[in-house]
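The following report describes a protein model through its side-chain contacts, its metal site and its secondary structure. The sequence and structure are shown first.

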Amino acid sequence: MSKVAWDYIVPVKLPADLKGIEPGKLPAHLLRPIEAGGKMHWLAAAAYNAMDEAAKADGIELKPTSAGDTYRSYESQLAGFKQRYQLEPVVGTSTKTFEGKTWYLKKGMAMLATPGKSQHNLGLAVDIANA
Ligand SMILES: [Zn+2]
């Protein structure tokens, strides 16, 4: 039987040094830059950079969609959230609860996690433009 891609998917364990750290408020010493721009938690950055090197060896240039799609501070997630969601009801759209209120996705906007709830706020996620 051949090995398929999803054989390599393993559950993400929260790095021990993130215990007690507020999402979006990582201290600078836990963050490392990744090659294409932006920062990630140091363990995720090491894994990303290794993947990036392996991809390069295969002739693939991985690029994050933007530096803001690597680690995101709480403030950055909040700004993005408020760009995409509003308190005034929008008919036929999806909603999120944030700070005890219902927020409505603006027309034509892509969904975004509420501030503090994104893997980007832990420095563990990166969105790749050319996956
Ligand atoms: Zn993402």
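Over the ring of which residue does the charged end of lysine 25 sit? The ring is that of tyrosine 74, whose centre is 5.1 Å from the charged end of lysine 25. A charge sits over a ring if NZ of Lys or CZ of Arg is within 6 Å of the ring centre and within 35 degrees of the ring normal.

The model is predicted: local features need pLDDT of at least 70, side-chain atom pairs count only at pLDDT 80 or more, and totals for chains, interfaces and linings use all residues. Residues are numbered from 1 along each chain as its sequence is written, and side-chain values use heavy atoms, with hydrogens and water left out.

## Helix H2 and the aromatic cluster

Helices (H or I, at least four residues) and strands (E, at least two) are DSSP runs, numbered from the N terminus. Helix H2 spans residues 74-84, and its buried residues are Tyr74, Gln77, Gly80 and Phe81. They cover an arc of only 130° around the axis, taken from the directions from the helix axis to the C-beta atoms, and therefore lie on the same side of H2. Buried means under 20% relative accessible area, exposed over 50%, and partly exposed in between (1.4 Å probe, protein chains only). The packing partners of the buried H2 residues are strand S3 (85-86), S4 and S5, where contact means heavy atoms within 4.5 Å.

Four aromatic pairs occur in the structure. Rings of Phe, Tyr and Trp (its six-membered ring) pair if their centres lie within 6.5 Å; planes under 30 degrees apart count as stacked, over 60 as edge-to-face and the rest as tilted. Phenylalanine 81 and tyrosine 85 form a stacked pair, because their ring centres are 4.6 Å apart and their planes stand at 15°. Phenylalanine 81 is buried at 0% relative accessible area, and tyrosine 85 is buried at 1%. The rings of phenylalanine 98 and tryptophan 103 are tilted, with centres 6.1 Å apart and planes at 55°. Both phenylalanine 98 and tryptophan 103 are buried. Ring pairs join Phe81, Tyr85, Phe98 and Trp103 into a cluster.

Glutamate 99 belongs to the loop between strand S4 (95-98) and strand S5 (101-105). Its phi is near 55°, a positive value in a residue other than glycine. Most residues other than glycine have a negative phi. Glutamate 99 is exposed, with a relative accessible area of 59%.

## Salt bridges

Side chains of opposite charge can pair when their charged atoms come close. Here a salt bridge is a side-chain nitrogen of Lys or Arg within 4 Å of a carboxyl oxygen of Asp or Glu. The structure holds five salt bridges, among them the three tabulated below.

| Acidic residue | Basic residue | N to O distance |
|---|---|---|
| Glutamate 35 | Lysine 56 | 2.9 Å |
| Aspartate 69 | Arginine 72 | 2.9 Å |
| Aspartate 127 | Arginine 72 | 3.9 Å |

Aspartate 127 is placed in the segment after S5 and arginine 72 in the loop between H1 and H2, so their salt bridge ties together parts that are 55 residues apart in sequence. Arginine 72 is buried at 8% relative accessible area, as is aspartate 69 at 17%.

The side chains of glutamate 35 and lysine 56 meet in a salt bridge. Since glutamate 35 lies in the loop between strand S1 (31-33) and strand S2 (39-41) and lysine 56 in helix H1, this pair ties together parts that are 21 residues apart in sequence. Lysine 56 is partly exposed at 29%. A network of salt bridges links Glu35, Asp52, Glu53 and Lys56.

## Helix H1 and the zinc site

Aspartate 52 is a residue of helix H1 and is buried, with a relative accessible area of 0%. Not counting residues up to four places away in sequence, aspartate 52 touches Glu35 and Leu62. Alanine 55 also lies in helix H1 (residues 42-57) and is buried at 10%. With that same exclusion, alanine 55 touches Ile60 and Leu62.

Which protein atoms are donors of the zinc ion? They are His120 (NE2), Asp127 (OD) and Asp127 (OD), lying 2.1 to 2.6 Å from the ion. Donors are N, O and S atoms within 2.8 Å of the metal (3.2 Å for Na, K and Ca); water is not among the atoms, so sites may look incomplete. Histidine 120 is buried at 6% relative accessibility, whereas aspartate 127 is partly exposed at 30%. Aspartate 127 thus appears both among the zinc donors and in the salt bridge with arginine 72.
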